[in-house]
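Student: Hey, could you walk me through this one? I'd like to go chain by chain and then see how the chains meet.
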Amino acid sequence: MIRVENLHKHFGGFHAVDGASLEVAEGTITGLIGPNGAGKTTLFNVIAGNLPATSGRVFMEGGEITGLSPHELFHKGLLRTFQIAHEFSSMSCRENLMMVPSGQSGETLWNTWFGRKRIADEERALRAKADEVLEFLTIEHLADHKAGQVSGGQKKLLELGRTMMVDAKIVFLDEVGAGVNRTLLNTIGDAIKRLNTERGYTFCMIEHDMDFIGRLCDPVIVMAEGKVLAEGAADQIMQNEAVIEAYLGRGLKNKVKADA
Amino acid sequence: MDLLNAIVALANFVILPGISYGSQLALGALGVTLIYGILRFSNFAHGDTMAFGAMATILMTWWLQSLGVSLDPLPTALLALPVGIAATALLVLGTDKLVYKFYREQKAAPVILVIVSMGVMFVLNGLVRFIIGVDDQRFADGARFVISARDFKEITGLREGLAIKSTTVLTVVVAVIVVALLFWFLNKTRTGKSMRAFSDNEDLALLSGINPERVVMITWIIVAALATIAGTLYGLDKSFKPFTYFQLLLPIFAAAIVGGLGNPVGAIAGGFVIAFSEVTITYAWKKVAGYVFPSWEPDGLIQLLSTDYKFAVSFAILIVVLLFRPTGLFRGKSL
C-alpha cells in the first residue's frame, strides 16, 4: 500500500529521519512505535505532504507520491490525523465533518449562485452522513457544539470521524490514544477495528500505549534515531532486545533484567 | 425649536457624513481583513487596488456617458461597476500569479509579504497615475440630492437645512447589500465555508482536501470586488484623485485592526468607529453649541482638531486599541 524508500528529513544538521525504509501492507493496522525523538511524527509529516523530504521516495499503490501536497494526497485516499487534535474551532462538530468531502457542486462559484437545488440535496446527504459518523463514534450529542469547545478526547474522535466522511484507503493516525481516557480509548479502538474490517481501511498508527498496540496492531514497526530498528508481531517486538535497549537505554535494561 | 435645529445640524454635518464615510471604510477594511484572514499578511496595496478599481470604473463610465447611456437619477458608474470589478479581479489575480504566489510557495514570513505588498502598492500607484493622471476626476452624474438643504428648510421651516446627498443613500444601500451577500457567502455556501476553514486551520483544511490555490483565487476575486465598490463609492461621494486612496490606507487599516484583523464583523464596526471619531473630532461644534446653549458665546469654533489632522485621529485610536485590547474589539485571527 505504502512503501517508503530510504527517506531522509534533515533540519539543518539534525537528521530527524535518517534513511528510513518501510512498508505498510494493505489491510493491516500497522503500529509505529519508538522512543521520543525517533522521527515518527516527522516521517508522518513527510509521507502526508506536510514537510518536503530531504531525499528518498514514497510510493502509494505502486505510484510515487513523494512531494505531493496534502490536498492532492487526500484525493488519492491518504488521510492523517494530528498528535494534537486539529479542528475548525468556530464551526460545530457536524460542520467540521461536513467540511471534508470535496468535489461537490457547492464548490464552484457558478453553482453557488445558480445551482441551489442540487447543493441543497447534497448538503442534506452530507448532513445525514455526518450524523451517522457522529453516532458511530458515540458523540452524536455534540453535533451542534462548537468544535473548539469539546474535550481533547472528543476532538480526537472527531479527527477519526473526519476520515470516515470519505472512502479513505489509508489513514495515518498520530497518537490517537494520547491524553484520552480509558472508556474513550476503547471507543476509538473499536472504531479503528471496525473501519479496518468493515470498510477495508489500512491504518498506520503512532502509539505509545502498549496494551492498545497489542490489541490492534499487526505488524509493529519500531523506529529509533530516524531509522527502522525492527519489525514484527507485537509480542515479538516487546521481547526484542534491541527495542528494549532503544527504549530504556543500556543501563536500565540491565537493571530491568537484574530485577527480573 | 433650537434643539431641533441642533439635531438637524448635527445630522447634516456629523451623522450623515459619518455613516457614508464609515460604510466606505468598512468595505475597504473588509478587503484588508479577508486578505489577512486567508493569506495571512497585511496588504498595503489595498488602497491602490481601490484606486485602480475606481479608475477602471471611471473609464468605463466615461465611455458609457459618451454613448449617451444613463441610469438617471442613479449615477452611470453603477452600470460600469461590473466591468471595473472584472478588470480589478484580473489585475489582482495577475499580481498574485506574478508576485505573491512565488513567496507563498516559499512559505515566506508574513513580514516579507507585507514588504512585497508595499512594492505592489508603489507599482499600482504609478500605474493608476500613468493611466488616468494625478488630477481630480469627476464622473458622478444623476441626481445630486435626495433632499437639498433649501428644500428641507422650506418643508420644515427650520433654520438649519439637512441635505441628503444621493451618494450617501447609494453608499449605504450598496454597502448593506454587499455586506449581506458577503456574510451569506461566508457562512452559508460551501466555498465560503472552505474559506473560513482555511482561515481557521490551514493544515487541517489541506488535509480535508481543500485546494489552497482555489481558496486564494476566490479570496482575491472577492477582495477585488470589495475594493472596486469601496473605491467607486468613495470617488462618487467625494471625487476621484489617486493620492486620496493612498491616504485612505491608514484609516482602513486602523478600522480593520480596531475591529480585530481577520474578523469581518470587526472590520465593519471598526470602519464606523474610525469614521465617527474622525468626523466628530474635526467638526466645528460652534453652531450646534449655539443652539443648545444660546447664552454661551465661545471665542473659537469648538473644533478639537483641524481637518488637516484627521489622520491623527485614526493613529490615536489605533494606539489606544493596541495598548488596551491588542486583539481588537472583536477578537481577530480567523474569518
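Student: So what share of the residues in chain A is buried?
Tutor: For chain A, 42% of its 260 residues are buried. Keep in mind that this is a predicted model.

Student: Got it. How many helices and strands are in chain A?
Tutor: Chain A has eleven helices and ten strands. As for its contacts with a separation of 6 or more, 66% are between residues 24 or more positions apart.

Student: Which way do S9 and S10 of chain A run, parallel or antiparallel?
Tutor: They are antiparallel: S9(A), residues 220-224, and S10(A), residues 227-232, are joined by five bridges. One of the residues to look at is A:Val220, whose bridge partner in S10(A) is A:Gly232.

Student: And what about the turn in that hairpin?
Tutor: Two residues lie between the strands S9(A) and S10(A), and A:Glu225 has a positive phi there, near 50°.

Student: Switching topic, where is A:Glu132 found?
Tutor: A:Glu132 belongs to helix H5 of chain A, which covers residues 116-136.

Student: Why does A:Glu132 count as partly exposed?
Tutor: Because 15 other C-beta atoms lie within 10 Å of A:Glu132, and that count falls between the cut-offs, 20 or more for buried and 12 or fewer for exposed.

Student: How far is A:Glu132 from A:Gly39?
Tutor: In space they are 36 Å apart, C-alpha to C-alpha, and in sequence 93 residues apart.

Student: OK, on to chain B. How many helices and strands there?
Tutor: Chain B has 13 helices and two strands. Of its 335 residues, 46% are buried.

Student: How does its radius of gyration sit against a compact globule?
Tutor: Chain B comes out at 21 Å, which agrees with the value near 20 Å for a compact globule of 335 residues. Along the principal axes, its C-alpha atoms fill a box of roughly 70 × 55 × 35 Å.

Student: What about contacts in chain B?
Tutor: Among contacts in chain B with a separation of 6 or more, 76% pair residues 24 or more positions apart.

Student: Last topic: how many residues does each chain bring to the contact?
Tutor: Chain A brings 23 residues and chain B brings 19. On the chain A side, helix H2 (70-76), strand S6 (78-80) and helix H4 (109-114) each supply at least two residues.

Student: Which element gives the most on that side?
Tutor: That's H2(A), with four residues. By class, the side of chain A that touches chain B has eight nonpolar, eleven polar and four charged residues.

Notes
Residues are numbered from 1 along each chain as its sequence is written. Chains are lettered from A and ligands numbered from 1 in the order in which they are written. This is a predicted model: local features need pLDDT of at least 70, side-chain atom pairs count only at pLDDT 80 or more; totals for chains, interfaces and linings use all residues. The radius of gyration is taken over C-alpha atoms; the globule rule is 2.2 Å times the number of residues to the power 0.38. Two residues are in contact if their C-beta atoms, placed from the backbone, lie within 7 Å. Two strands pair if DSSP finds at least two bridges between them. Ala, Val, Leu, Ile, Met, Phe, Trp, Tyr, Cys and Pro count as nonpolar, Asp, Glu, Lys and Arg as charged, and the others, Gly among them, as polar.
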